[in-house]
Structure formats: C-alpha cells, structure tokens
Amino acid sequence: MKIRFAVIDDAAFLRELIKNIVTLEGGLCVGEAANGDEAVELVSATLPDLVFLDMVMPLRNGIETAKILKELHPDIKIIGCSTIDQEALVQKAFEAGFDAYLPKPFSKEQLLKEITKVLPHLGESTHGRT
C-alpha cells in the first residue's frame, strides 16, 4: 500500500493506532495533528494522499476542517473517524468533503477496507508524485 497519509485526531492513542495499522501495510505517515487548525497547516505542508479526520476536535471540528481541506486541495481523500453515528451529522460530513466514514471503534479490516474504497488504485501515485 503506497500511500502518504496524515492522521488528525485529538486522541493521541487513536492517532497511534491508525498510524500503526497503515504503516504496517506499507503506508507513509507524513504527520499528525490534534485539531483542525493544525490539520490545515499540516496538509498544506505535506500534501498527503489521504487524511484520517476525527469529527469532534478542539478549535475546528472535522466538518469545518474537511471543507477547508477540500477547498485548498480538491483531490485529497478524507476518511472521517468518529463515535458520532447520527445520520444527519454523517450526511453533513459527506457534504463537507468526507470520502468515507468509519465509526469508532473500528477493526483493522474495516480501516483497510475504507482505504481501498477511497483509493482503489493503491500503488499508483494519486497526485502525480513519486
């Protein structure tokens, strides 16, 4: 799995969990952030293929952050992760730019399945970079 990814979540243990799963599959973590403001800076500086984004964070929530990320970087893929499973909020997340949504807690298999959904051509460079 040749993807460059960033993990945005205010829970350090969850950032570590996602990072471990994806790097063991061959992904490269280009950075992590604990809130939406840090996320925008991180993504602009590192241009990952994929962002794992929590919905509930301090300073700027995942929906607001996704809108900004998609405006700045329309090709980026975003997988939302959250304990929130209210249909209306999840719908708002997709409208804001989420490409997939993964309810917490999730399994390694569920996480990898969502990555394959949003990046079906794993191994190919999605931004024309090597």
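## Start of helix 3

In this predicted model, helix 3 covers residues 62–72. At its start, asparagine 61 contributes a side-chain oxygen. That oxygen comes within 3.0 Å of the backbone nitrogen of isoleucine 63.

## The buried face of helix 3

Isoleucine 63 is also one of the buried residues of helix 3. The others are Gly62, Thr65, Ala66, Leu69 and Lys70. Viewed down the helix axis, these buried residues fall within an arc of 155°, so they line one face of helix 3.

What do the buried residues of helix 3 pack against? Two helices and two strands: helix 2 (36–46), helix 4 (87–96), strand 3 (50–54) and strand 4 (77–82).

## The largest nonpolar core

In soluble globular proteins, nonpolar side chains tend to be buried together. Here the largest nonpolar core has 23 residues. Ile8, Val51, Leu53, Ile78 and Phe98 touch the most other members. Six elements each supply at least two residues: strand 1, strand 2 (28–33), helix 2, strand 3, helix 3 and helix 4. Which element gives the most to this core? Helix 2 does, with 4 residues.

Apart from this core lies another, of 18 residues. Its members include Val7, Ile18, Leu50 and Val118.

## Contacts of leucine 53

Leucine 53 is among the residues touching the most other members of the largest core. Leaving out residues up to four places away in sequence, leucine 53 touches Ile8, Ile78 and Phe98, among others. Its contacts also include Gly62, Thr65 and Ala66, which are buried residues of helix 3. Ile79, Gly80 and Cys81 complete the list.

## One aromatic pair

How many aromatic pairs does a search of the whole structure find? The search finds 1. The pair joins phenylalanine 5 and phenylalanine 52. Their ring centres are 6.0 Å apart and their planes stand at 85°, so the pair is edge-to-face.

The pair links distant parts of the chain. Phenylalanine 5 sits in strand 1 (residues 4–8) and phenylalanine 52 in strand 3, 47 residues apart. Both phenylalanines are buried.

## Cysteines without a disulfide

The structure holds 0 disulfides. Why does cysteine 29 form no bond with cysteine 81? Cysteine 81 holds the closest cysteine sulfur to that of cysteine 29, but the distance is 13 Å, too far for a bond. The reverse also holds: from the sulfur of cysteine 81, the closest cysteine sulfur is in cysteine 29.

Is cysteine 81 buried or exposed? Cysteine 81 counts as buried because its relative accessibility is 1%, and the cut-off for buried is under 20%.

Conventions
Residues are numbered from 1 along each chain as its sequence is written. This is a predicted model: local features need pLDDT of at least 70, side-chain atom pairs count only at pLDDT 80 or more; totals for chains, interfaces and linings use all residues. Side-chain values use heavy atoms; hydrogens and water are left out. Buried means under 20% relative accessible area, exposed over 50%, partly exposed in between (1.4 Å probe, protein chains only). The arc is that of the directions from the helix axis to the C-beta atoms. Contact means heavy atoms within 4.5 Å. A polar contact is a pair of N or O atoms within 3.5 Å; within protein, one must be able to donate a hydrogen and the other to accept it, and residues adjacent in sequence count only if both atoms are side-chain atoms. Rings of Phe, Tyr and Trp (its six-membered ring) pair if their centres lie within 6.5 Å; planes under 30 degrees apart count as stacked, over 60 as edge-to-face and the rest as tilted. A nonpolar core is a set of buried Ala, Val, Leu, Ile, Met, Phe, Trp, Tyr and Cys residues joined through side-chain atoms within 4.5 Å. A disulfide is a pair of cysteine sulfur atoms within 2.5 Å.
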